[in-house]
Amino acid sequence: MLASELLEAAPDAMVVFSEAGEIVLVNMLAQKLFGYRRDELVGRNLTCIIPQGLAEHLPVDAAGCECCIEVNGRRQDGSVFPLELMLGPLPGPDGMLVIASMRNISVRRLAELQLAQMEGRYSGLLEAAPDAMVVVNHSGGIVLVNMQAEKQFGYRRGELLGQKVTSIIPHGFAERLIADELRSVEEALAQHIGTGIELTGRRQDGSEFPLELMLSPVDSGEEVLVTAAIRDISVRKQAEELLLQKMRELNRSNEELGQFAYVASHDLQEPLRMVASYTTLLSRRYKGRLDADADDFIAFAVDGASRMQRLIQDLLAYSRVGSTGKALSETCSETALARTLDILRGGIEDSGAIVTHEPLPMVLADETQLVQLFQNLVGNAIKYHRGGAPRVHISASREGGSRQGGSRWLFSVRDNGLGIDAQYFERIFGMFQRLHKREEFDGTGIGLAICKKIVERHGGMISVESQPGQGSTFSFTLAGVGRPATIANGRQAIASGRH
């Protein structure tokens, strides 16, 4: 009775037979597997269900050795199917018996056949691929690999086939293939097809490395398989980390340099102010009372101190662009231009300049710095001019695309001044870059560098178009937040030196 209960508890079909092949016992799963009732099997020879291939494996060693064999089974209806059975000795009161644990392997055989067909169809393509290639089924089992995959992960091909993909890619890959009650395998896979996925791979020796893989589906006829093209990106990751490190060092250096420029410029102002004050006092009190050389020397000292003051002030302004700028907010560029023209009113009247503008938009900006930007560009247009009245025109037009809540605007400041040769277009935006002698035009060579820094802080770009003798047009971009302001006259002279 105990033997019968043990047979029924087994997960496989179980058949007990004598060394002569007579069936002694069967369980319920054996009845279902072969289509017989129990009483139809007991007492019959084993050849009724296993016609061939078993006799040469009998008798089983009574010492306890077991053997696993694959044969064909035959059902009561005559149909044949592949069968895997495990044989073992079973001592009994009437002599040695044999117990056979039997399992239908039809599904496995079909999968092996499909795999062989796939290998014949795809092996050439996989081996020719420059990357490691791994083919995985929807349950995460590896069914095909190429030579590059063996090299990359340190396994032999036979050690990978049949293993779960988590043995070489522990996290992130298998999860992308799992279907659930809300989505199919195809739907789960569709989210990742054609996109590079960065994960971590694990070699046989346990070492890990960064990899990038691209997924693509393969229709095997029975199920959707997934091909993963895998690339070791260790070198790329090292380069990215080195680049980030250099960027951090550069940012730190720039911050330190900016802080140094600010502190140096700020602290130098007081002693320089004293030098300028006393040299000016000397010039006033003793001019003409000493010899001509002394007057020249004092004039040189006064001029040098004045130029040094302007240089330090410009350096301080440059360093403050990034360190003391206000948060960007909605700003009316017409209002900023109006403030600029009030500041430049003396220079406009002295030169007889005519400054006009078109309707200008609302932009995302630091208004103080926008005024500073206009002041430098319009001031330069008035300064670098010879013959006739300087004419400056400011306009803005929409630029394609959308960013930071509105379309970008392209501002243009056009003048009729001296113009600039094309070879100097990049140079003029650098620090201390001058195209004219100091005797011709006063200045420190920092104004356009400040303009560039302001525009870049606002996320824009600045450039110039010009020809010698035909004026210049400086253009820069700012993020917009709305429509242009409306004024009565679309092209209006807002400042003029003529009376």
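**Helix ends, aromatic pairs and salt bridges**

Helix H13 is followed by Gly-459, and the phi of this glycine is positive, near 80°. That detail, like everything below, comes from a predicted model. H13 itself runs over residues 447-457, and its buried residues are Leu-448, Ala-449, Ile-450, Cys-451, Ile-454 and Val-455. Lys-452 also sits in H13; with a relative accessibility of 31%, this lysine counts as partly exposed, because the buried class stops under 20% and the exposed class starts over 50%. From Lys-452 there is a link in space to another part of the chain: its C-alpha atom is 8.8 Å from that of Leu-373, although the two residues are 79 apart in sequence.

Leu-373 brings us to helix H12, where it is one of the buried residues. The others on that list are Gln-369, Leu-370, Val-371, Phe-374, Asn-376, Leu-377, Val-378, Ala-381 and Ile-382. The geometry of H12 works out neatly: it has 17 residues (367-383), so at 1.5 Å a residue a span of 24 Å is expected, and the end C-alpha atoms are indeed 24 Å apart. The N-terminal end of H12 is capped by Asp-366, which places a side-chain oxygen 3.1 Å from the backbone nitrogen of Thr-368.

Phe-374 of H12 also turns up among the aromatic contacts. How many aromatic pairs does the structure hold? The count is 6. In one of them, the ring centres of Phe-153 and Phe-209 are 5.7 Å apart with the planes at 50°, so this pair is classed as tilted. Phe-153 belongs to helix H5 (residues 147-153) and Phe-209 to strand E9 (residues 208-219), so the contact ties together parts of the chain that are 56 residues apart in sequence. Phe-153 has 0% relative accessibility and therefore counts as buried. Phe-209, at 3%, counts as buried too.

A second pair involves Phe-374 and Phe-476: their ring centres are 6.1 Å apart and their planes stand at 65°, so the arrangement is edge-to-face. This one links distant parts of the chain as well, with Phe-374 in helix H12 and Phe-476 in strand E17 (residues 472-484), 102 residues apart. Both Phe-374 and Phe-476 are buried. Together with Phe-411, they form one aromatic cluster.

Turning to charged side chains, the model comes out with 19 salt bridges. Among them is the one between Arg-37 and Glu-40, with an N to O distance of 3.2 Å; Glu-40 is partly exposed, at 22% relative accessible area. Another joins Glu-208 to Arg-202 at 3.6 Å, N to O. Glu-208 is partly exposed, with a relative accessible area of 48%, and Arg-202 is partly exposed at 30%.

Glu-240 and Arg-236 also meet in a salt bridge, again taken N to O, at 3.6 Å. Why does the spacing of Glu-240 and Arg-236 amount to about one helical turn? They are 4 residues apart in helix H8, so about one turn separates them. An α-helix has 3.6 residues a turn, so residues three or four places apart point the same way. Glu-240 counts as partly exposed at 35% relative accessibility, and Arg-236 is partly exposed at 33%. Neither stands alone: Glu-198, Glu-212, Arg-236, Lys-237 and Glu-240 are linked in a network of salt bridges.

Helix H8, which covers residues 234-286, also holds Leu-244. With Leu-243 and Met-247, Leu-244 makes a nonpolar surface patch of about 290 Å². The relative accessible area of Leu-244 is 42%, which means it is classed as partly exposed.

One loop contact rounds things off. Asn-137 lies in the loop between strand E6 (132-136) and strand E7 (142-145). Is Asn-137 buried or exposed? With a relative accessible area of 13%, Asn-137 is buried, since the cut-off for that class is under 20%. A polar atom of the Asn-137 side chain lies 2.7 Å from the backbone nitrogen of Gly-141.

Conventions
Residues numbered from 1 in each chain as written. Predicted model: local features only at pLDDT ≥ 70, side-chain atom pairs only at ≥ 80, totals over all residues. Heavy atoms only, no water. Helix = DSSP H or I, 4+ residues; strand = E, 2+ residues; numbered from the N terminus. Expected span 1.5 Å × (residues − 1). Buried < 20%, exposed > 50% of the residue type's maximum accessible area, 1.4 Å probe, protein only. Polar contact = N/O pair within 3.5 Å; in protein donor to acceptor, adjacent residues only side chain to side chain. Phe/Tyr/Trp six-rings, centres within 6.5 Å; stacked < 30°, edge-to-face > 60°. Patch = residues over 30% accessible without salt bridge, like charges linked within 9 Å, V, L, I, M, F, W, Y side chains within 5 Å. Areas by Shrake-Rupley, 256 points an atom, 1.4 Å probe, with all protein chains shown as cover. Salt bridge = Lys/Arg side-chain N within 4 Å of Asp/Glu carboxyl O.
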